[in-house]
Amino acid sequence: MPNIVVLVKQVPDTYSERRLSDSDHTLDRDSADAVLDEINERAVEEALLIKEAQGGEVTVLSVGPDRATEAIRKALSMGADKAVHVSDPALHGSCVIQTSKVIAAAVGKVDGVDLVIAGNEATDGRSGAVPAILAELLGYPQLTHARKVVIEGTTIKVTRETDEGLTHLEASLPAVVSVGEKINEPRYPSFKGIMAAKKKPVETLTVADLGIDAGEVGLASATSTVVEAAPKPPRAAGQKVEDEGDGGAKIAEYLVGQKLI
Amino acid sequence: MSPAPDRPEQDLLYSDVEEELRASVRALLAARADSARVLGRVEDEQPLDLDLWRALAVDLGATSLPIPEALGGQGAGLRETAVVAEELGRSVAPVPFLGSAVLATGALLHLLGQGAERGGPDAQAEAALTRLAEGAATAALVIPLSTYPGGPLPAVSADGDALTGTVRSVADAAVADLLVVLAGDVLFLVEAAAARVTPVVSLDLTRPVADVVLDATPGVRLSGSGEAAVRAAVLVGAGILASEQVGIAEWCLSTTVAYLKERYQFGRPVGSFQSLKHRLADLWQELVLARAAARAAADALATGAEDLEITVLVAQSLCAAVALHAAEEAVQLHGGIGMTWEHPVHLYLKRAKADEIALGTPGRHRAALAPLVGLTA
């Protein structure tokens, strides 16, 4: 009966135009529609599959501004049991290490955690480092980039997929897992799930509630900040080749020059 | 204006729950009923997507919203049903929602309501609704799709429990397991396998119709006034159809706006030409009005408001015309591509045109509306 914590993040919809704010180069959350990050839906789905097979409890954990409750509601309407929401203006502009510290402290607020499931990388920050940093802070083994998760008693087996191939990992619980795109297909919230989510408890915490000083988090003390941001330059015009009977040869020359053939 | 004491306050907005239900249905339809997929199957032998239907019924519970929880339904109402209809209109998803989840369900639910007054609901009607709620069966109400509120109902005769008669152009009958048939003033349940159901060609490729022939076909008699139940279901259907029409119009407008922004002609986006902007702005205003009327109808259906009939007739006569106009504009403003089979807009034009005739034309609705609001010739 594993007790599972799923990390979820509200991100700007990837289909809308995403921007950084002009003043401090942090994410401009108002400029785009906010949604539950798709990879987190898969993380929630995996937790629910484990719960359905083995019992236990699924807690959703999110660090984010007040409106992140929408993302939390979605995870609850999919079937998670309860939620912890860390919301504090002091967190604005926090780096991955600060964020991971806050998450680690919040995980500590949940009793008897056996497994933490996260997405491998959020679509906004794309650092992909939080699961690993969190595992380090919690002192748990990290089984990242999972495309298959099996729990047998207190042992967890994960198939990790990277560009190099598949790696088979095994560790004992408690552990941190991050899941990739191929892990599963997330379910759609049912009407009953949506109604039930309204009644599920969401505990809202500030950084002070977690025993963290507000000065330790936020943009001012972040280990990394965005100094400058510029839109991607428009694609330059391509090179035109006039075909005077030697077009094929010129294309081959170009491809050789690019080391493509 | 303060509401009358016996009338719940009218609410034309979407609740949080309705928005979340919409998001879930929309996500499912985006994944399983995108334009390419819908277009791809319209010429199939079975144009209706029964896998998608099962997902809507079993995974989401979107097809049994007004059915009580005690019967396996969602215990919600027609406001939520209308939101699902809107989304299904937006995607012209080929599922038997109108025939099964709106018309047949509406008639059976009305019978149950009558039963409460008589001191006991009909066990057969309850069992049928439970099968629908569980997604174990799909039903069709055996009336022509063109039946209108207050209009004539099909003449099927009953000899004991054996039914005989022909009803043409029944929506979603070809995939129904269960037929709900009116004979005289009695509603019967008929296993579809026992009847002759012949698909016929419809203008609307995404909502197939079929002729139903009963020849001394055995039926199960349900207690209560069948005619009152069918008339109530037609009114419910007309009201929910208004929301579907809003969905059609919304897709047509938003898709056309997006196209006119990206289509360049004479070195500028086509949408920058003022005469086109005016047409889109007019459409937008029509859509806003239609949405308000459709929401009013859904709300009145959910609360059983006193002016229910007026509200539905207003919505249906308005939304039918708006959906059709939006679809016609979408075809024309898309230019050449809008005339091709490969672009989905023709599906919307056909659905809008079929919906205009379904459950009463705007003319029929206005004729029925006039005396109710004191306009006499």
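How far apart do the end C-alpha atoms of residues 226-369 of chain B lie, and what percentages of the span are helix and strand? In this predicted model, the end C-alpha atoms of that span lie 24 Å apart, and the span is 79% helix and 3% strand.

## Annotated spans in the two chains

The span of residues 226-369 of chain B corresponds to an annotation in an unreviewed UniProt entry, which reads "domain: Acyl-CoA dehydrogenase/oxidase C-terminal". For chain A, an unreviewed UniProt entry gives the annotation "domain: Electron transfer flavoprotein alpha/beta-subunit N-terminal", covering residues 24-214. Over residues 24-214 of chain A, helix accounts for 29% and strand for 29%, while the end C-alpha atoms are 19 Å apart.

## Chain A as a whole

Chain A has 261 residues, of which 41% are buried, and its secondary structure comprises 6 helices and 11 strands. Taken along the principal axes, the C-alpha atoms of chain A fill a box of roughly 75 × 45 × 40 Å. When contacts in chain A are restricted to residues at least 6 apart in sequence, 72% of them join residues at least 24 apart.

The predictor's confidence in chain A has a mean pLDDT of 89, with 100% of the residues reaching 70 or more. Among the elements of chain A, the lowest mean pLDDT, 83, belongs to strand β3 (residues 34-36), and the highest, 96, to helix α5 (residues 191-197).

## Selected residues of chain A

A34(A) is placed in strand β3 of chain A, the element with the lowest mean pLDDT among those of the chain. Apart from neighbours within four places in sequence, A34(A) is in contact with Q10(A), V11(A), P12(A), R67(A) and E70(A). A34(A) is also 20 residues from T14(A) in sequence, with a C-alpha to C-alpha separation of 9.3 Å in space.

T144(A) belongs to strand β7 (residues 142-152) of chain A, and it counts as buried because its relative accessibility is 11%, which falls under the 20% cut-off. The side chain of T144(A) is joined to that of R160(A) by a polar contact of 2.9 Å. R160(A) appears again among the contacts of T144(A) outside its neighbours within four places in sequence, together with P131(A), L169(A) and S178(A).

A backbone feature of chain A is found at the peptide bond from L173(A) to P174(A), which is cis, with omega near 0°. P174(A) itself lies in the loop between β9 (165-172) and β10 (175-179) of chain A.

## Aromatic and cationic arrangements in chain B

The count of aromatic pairs over all chains comes to 2. In one of them, the rings of W251(B) and Y348(B) have centres 3.7 Å apart and planes at 0°, so this pair is stacked. The two residues of this pair are 97 residues apart and link distant parts of the chain, with W251(B) in helix α7 (residues 226-262) and Y348(B) in helix α10 (residues 345-357) of chain B. Both W251(B) and Y348(B) are buried.

The rings of F266(B) and F273(B) have centres 6.3 Å apart and planes at 80°, so the pair is edge-to-face. F266(B) counts as exposed at 71% relative accessibility, whereas F273(B), at 24%, counts as partly exposed. The ring of F273(B) also has the charged end of R268(B) sitting over it, 4.4 Å from its centre. Elsewhere in chain B, the charged end of R22(B) sits over the ring of Y14(B), 4.5 Å from the ring centre.

## Backbone features and contacts in chain B

V92(B) has a phi near 35°, a positive value in a residue other than glycine, and is found in the loop between α4 (78-91) and α5 (97-118) of chain B. V92(B) is buried, with a relative accessible area of 1%. S169(B), which is not a glycine either, has a positive phi of about 55°; S169(B) lies in strand β3 (residues 162-171) of chain B and is partly exposed, with a relative accessible area of 30%.

V213(B) is located in strand β7 (residues 209-218) of chain B. Not counting residues up to four places away in sequence, V213(B) touches G165(B), T166(B), A195(B) and R196(B). V213(B) and D34(B) are 179 residues apart in sequence, and their C-alpha atoms are 35 Å apart in space.

How values were computed: Residues numbered from 1 in each chain as written. Chains lettered and ligands numbered in written order. Heavy atoms only, no water. pLDDT = per-residue confidence, 0-100. Helix = DSSP H or I, 4+ residues; strand = E, 2+ residues; numbered from the N terminus. Phe/Tyr/Trp six-rings, centres within 6.5 Å; stacked < 30°, edge-to-face > 60°. Buried < 20%, exposed > 50% of the residue type's maximum accessible area, 1.4 Å probe, protein only. Lys NZ or Arg CZ within 6 Å of the ring centre and 35° of its normal. Polar contact = N/O pair within 3.5 Å; in protein donor to acceptor, adjacent residues only side chain to side chain. Contact = heavy atoms within 4.5 Å. UniProt positions renumbered as here; feature names shortened; annotations may be inferred.
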